[in-house]
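Here's a quick tour of a structure you haven't met before. Have a look at the picture first, then use the notes below to find your way around.

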Amino acid sequence: MISTESYTPEYVLRLRQFTDVCACPGCRQQPWQITRLWQDQIRHSARPDCDRAAQEIICREDAFVLHSEIAPPPQAARLDPRQQAMNQAAINLAIASDAAPETILYALGVLIGKSRELAEPQQITAFGDELVTMLQQGTLAQAFAQLPPVESYKLATLRALSRSDLDASFDPLTGMTLVLKLNEINVMSTRYLQDMLASLQQDRQLATFMQERRSVFINVLLYVFYHHVFPGVDDRAWEAQYNRLCQHFFSLKMLCALFMQSYLVLDDETLAALFAALHRLPDAEVHDDPLLGGIALLK
Ligand SMILES: [Zn+2]
């Protein structure tokens, strides 16, 4: 007999405690709560395009404490064993060390790249464990540091972000400042955009912020891993899913830098609003070379 493990993360428990109905733009379309069923596993979660859910997901350090119980098996397919092995390896990479989130994403890229050769779930698990050790020993951080930076993917992603219809729940002044800033980027020549990218990336405040709020960025990754059972059931789309995750991560980072450069307040509420707004956008267009394009966004 199959036993079904039912998981509920801390962020779902917190969201269930609210007594009023959330009125954010995301919740006007669909309720925040979502349950994903397999014969052998149930994952309770929340939609990331809800502002309230976004805040509970990314801003609380204990958001991904999982509560589990045994449940009756639902009428559903079994979770694919290779997908499950990849998913567990991704989660392990995110929580096993105090590496920077970019280094973790790089390790994930190495895993995705190698996965074509790993037919059996056990092989994926073994390679994932090797990467965890390399993360803990700092060898992956060294390899990552030696990669040459490739600017073109970053410029394209920044340009796409500036053209997106970002609908974030901000006060009017913050909203207008961000719209003007994105519009400025949209009409910039490539030369100016290169300068802009350099100033955003090298922003000291951004580096400090990302260190101080490391758990926010780790939770951004953990959410994608847990909620979407990343990288998904179709292994032909794994590189594309990776590319989208890197684009999402890069975009959030750039928006944080834009906030700082514009002297806007970057607190839990605005961070959550940015995260939710990015999730209300249609799926990003995947780069021509999804794996390398994704990795290029990390440096
Ligand atoms: Zn909501």
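How many bridges join strand β1 to β4, and do the two run parallel or antiparallel? There are 6 bridges between β1 (residues 4-9) and β4, and the two strands run antiparallel. Keep in mind that this is a predicted model. The chain splits into domain 1 (4-71) and domain 2 (80-299), and the bullets start with the sheet before moving on to how the domains meet.

**The sheet**

- Four strands make up an open sheet, and if you walk across it the order is β2-β3-β1-β4, with mixed pairing.
- The edges belong to β2 (33-37) and β4: each has a single partner strand, so one side of each has no neighbour in the sheet.
- On average, neighbouring strands here are turned by 20° against each other, ignoring direction.
- Zoom in on the β1 and β4 pair and you'll find that Thr-8 has His-67 in β4 as its bridge partner.
- Strand β4 (residues 66-71) is hardly covered, as the count of buried residues among its 6 residues is 0.
- On to the next pair: β1 and β3 (residues 41-46) are parallel and share 3 bridges.
- Within that parallel pair, look for Tyr-7, which stands opposite Arg-43 in β3.
- Then there's β2 with β3, an antiparallel pair held over 5 bridges.
- Those two strands, β2 and β3, form a hairpin with 3 residues between them.
- A handy landmark in this hairpin is Thr-35, whose bridge partner in β3 is His-44.
- As a general point, side chains in a regular strand alternate between the two faces of the sheet.

**Where the domains meet**

- Domain 1 and domain 2 have C-alpha centres that lie 22 Å apart.
- To make the contact, domain 1 puts in 18 residues and domain 2 puts in 19 residues.
- On the domain 1 side, β3 and α2 (51-59) each supply at least two of the residues that touch domain 2.
- The top contributor on that side is α2, with 6 residues.
- Sort the domain 1 side by residue type and you get 11 nonpolar, 3 polar and 4 charged.

**The nonpolar core**

- The largest nonpolar core has 81 residues, and those touching the most other members are Leu-93, Ala-107, Leu-108, Val-220, Leu-274 and Phe-275.
- Helix α12 gives the largest share of this core, 13 residues.
- Both domains take part: the core draws at least three residues from each of domain 1 (4-71) and domain 2 (80-299).
- Take Val-220 as an example: setting aside neighbours within four places in sequence, Val-220 is in contact with Ile-58, Phe-249, Leu-252 and Phe-275.
- In general, nonpolar side chains in soluble globular proteins tend to be buried together.

**Unusual backbone spots**

- As background, most residues other than glycine have a negative phi, and most peptide bonds are trans.
- Val-229 isn't a glycine, yet its phi is positive, at about 45°.
- You'll find Val-229 in the loop between α11 and α12.
- Is Val-229 buried or exposed? Val-229 counts as buried because it has 20 C-beta neighbours inside 10 Å, and the cut-off for buried is 20 or more.
- The peptide bond that joins Phe-230 and Pro-231 is cis, with omega at about 10°.
- Pro-231 is found in the loop between α11 (214-227) and α12 (238-261).
- Tyr-263 is another non-glycine residue with a positive phi, this time about 60°.
- Look for Tyr-263 in the loop between α12 and α13 (268-280).
- Tyr-263 counts as exposed because it has just 7 C-beta neighbours inside 10 Å, where the cut-off for exposed is 12 or fewer.

**One more loop residue**

- Ala-100 sits in the loop between α3 (81-95) and α4 (101-115).
- With 18 other C-beta atoms within 10 Å, Ala-100 is partly exposed.
- From Ala-100 to Asp-195 is 95 residues in sequence and 25 Å in space, C-alpha to C-alpha.

Key
Residues numbered from 1 in each chain as written. Predicted model: local features only at pLDDT ≥ 70, side-chain atom pairs only at ≥ 80, totals over all residues. Pairing = 2+ DSSP bridges. Axes fitted to C-alpha atoms, helices over the stretch in contact; angles between N-to-C directions. Domains from an automatic or database assignment. Contact = placed C-beta atoms within 7 Å. Nonpolar A, V, L, I, M, F, W, Y, C, P; charged D, E, K, R; others polar. Core = buried A, V, L, I, M, F, W, Y, C linked by C-beta atoms within 7 Å.
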